[in-house]
Amino acid sequence: GGRYDGLVGRSLGRQVPACGISIGFERIVDLVLPEEPSRGTAVVYDRDAGQELVVSTARRLRSSGRCATLVPRRARLRAQLDDLARDGYVSFVLVASGEAGEEKSLSPGSRDEE
């Protein structure tokens with residue numbers, strides 16, 4: 001804690017008596033929050049897949065209690081899946097050409113056909 005006369009005075013343009021404290025809020029939050037949870041399932045979609053199918057696929061996953069995030073497909077799918085796994089996603093569903101594929105794990109070695 002301490003005096004903040006000068007700090008408040010700079011904002012107001014005149015001297016004002018002030019005092020305050022700092023509790024280190026960011027440090028407390030870092031200690032209290034648990035590890036980052038899994039991001040769940042990535043719904044990876046082709047741009048021509050059809051918006052209704054993409055959204056209904058995510059809705060189906062969410063209705064079963066899963067966390068689902070819509071992610072546009074990149075040109076290099078294998079690299080994208082590696083990035084998703086690194087970002088904490090545990091599985092993905094590929095939606096392409098008006099058809100939703102099966103949910104697949106993002107664990108190493110489980111994507112041999114991509």
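## Exercises on strand E5 and helix H3

E3 and E5 pair in the parallel sense, with six bridges between them. Strands here are DSSP runs of type E with at least two residues, helices are H or I runs of at least four, and both are numbered from the N terminus; two strands pair if DSSP finds at least two bridges between them.

A word on the model before we start: it is predicted, so local features need pLDDT of at least 70 and side-chain atom pairs count only at pLDDT 80 or more, while totals for chains, interfaces and linings use all residues. Residues are numbered from 1 along each chain as its sequence is written, and side-chain values use heavy atoms, leaving out hydrogens and water.

**Exercise 1. Work out which bridge partners tie E5 to its neighbours.**

Step 1. Start with E3: alanine 42 has phenylalanine 92 of E5 as its bridge partner.

Step 2. Turn to strand E7 (residues 104–105), which runs antiparallel to E5 and is joined to it by two bridges. Here serine 91 is matched with serine 105 of E7.

Step 3. Add E6, also joined to E5 by two bridges, in the antiparallel sense. Valine 95 stands opposite alanine 100 in E6.

Step 4. Look at the link: E5 and E6 form a hairpin with two residues between them, and serine 97 in the turn has a positive phi of about 50°.

**Exercise 2. Decide how far E5 is enclosed.**

Count the buried residues (under 20% relative accessible area with a 1.4 Å probe, protein chains only; exposed is over 50%, partly exposed in between). Six of the eight residues of E5 are buried, so the strand is largely enclosed by the rest of the structure. For the protein chain, buried residues make up 25% of the 114 residues.

**Exercise 3. Check the length of H3 and find its buried side.**

Step 1. The expected span is 1.5 Å times one less than the number of residues. For the 13 residues of H3 (residues 51–63) that gives 18 Å, and the end C-alpha atoms are 18 Å apart, which agrees.

Step 2. List the buried residues of H3: Val54, Thr57, Ala58 and Leu61. They cover an arc of only 90° around the axis (taken from the directions from the helix axis to the C-beta atoms), which puts them on the same side of H3.

Step 3. On the other side, Gln51, Glu52, Arg59 and Ser63 are exposed.

Step 4. Find the cover, using contacts (heavy atoms within 4.5 Å). What covers the buried residues of H3 includes strands E3 (40–45), E4 (68–72), E5 (89–96) and E6 (99–100).
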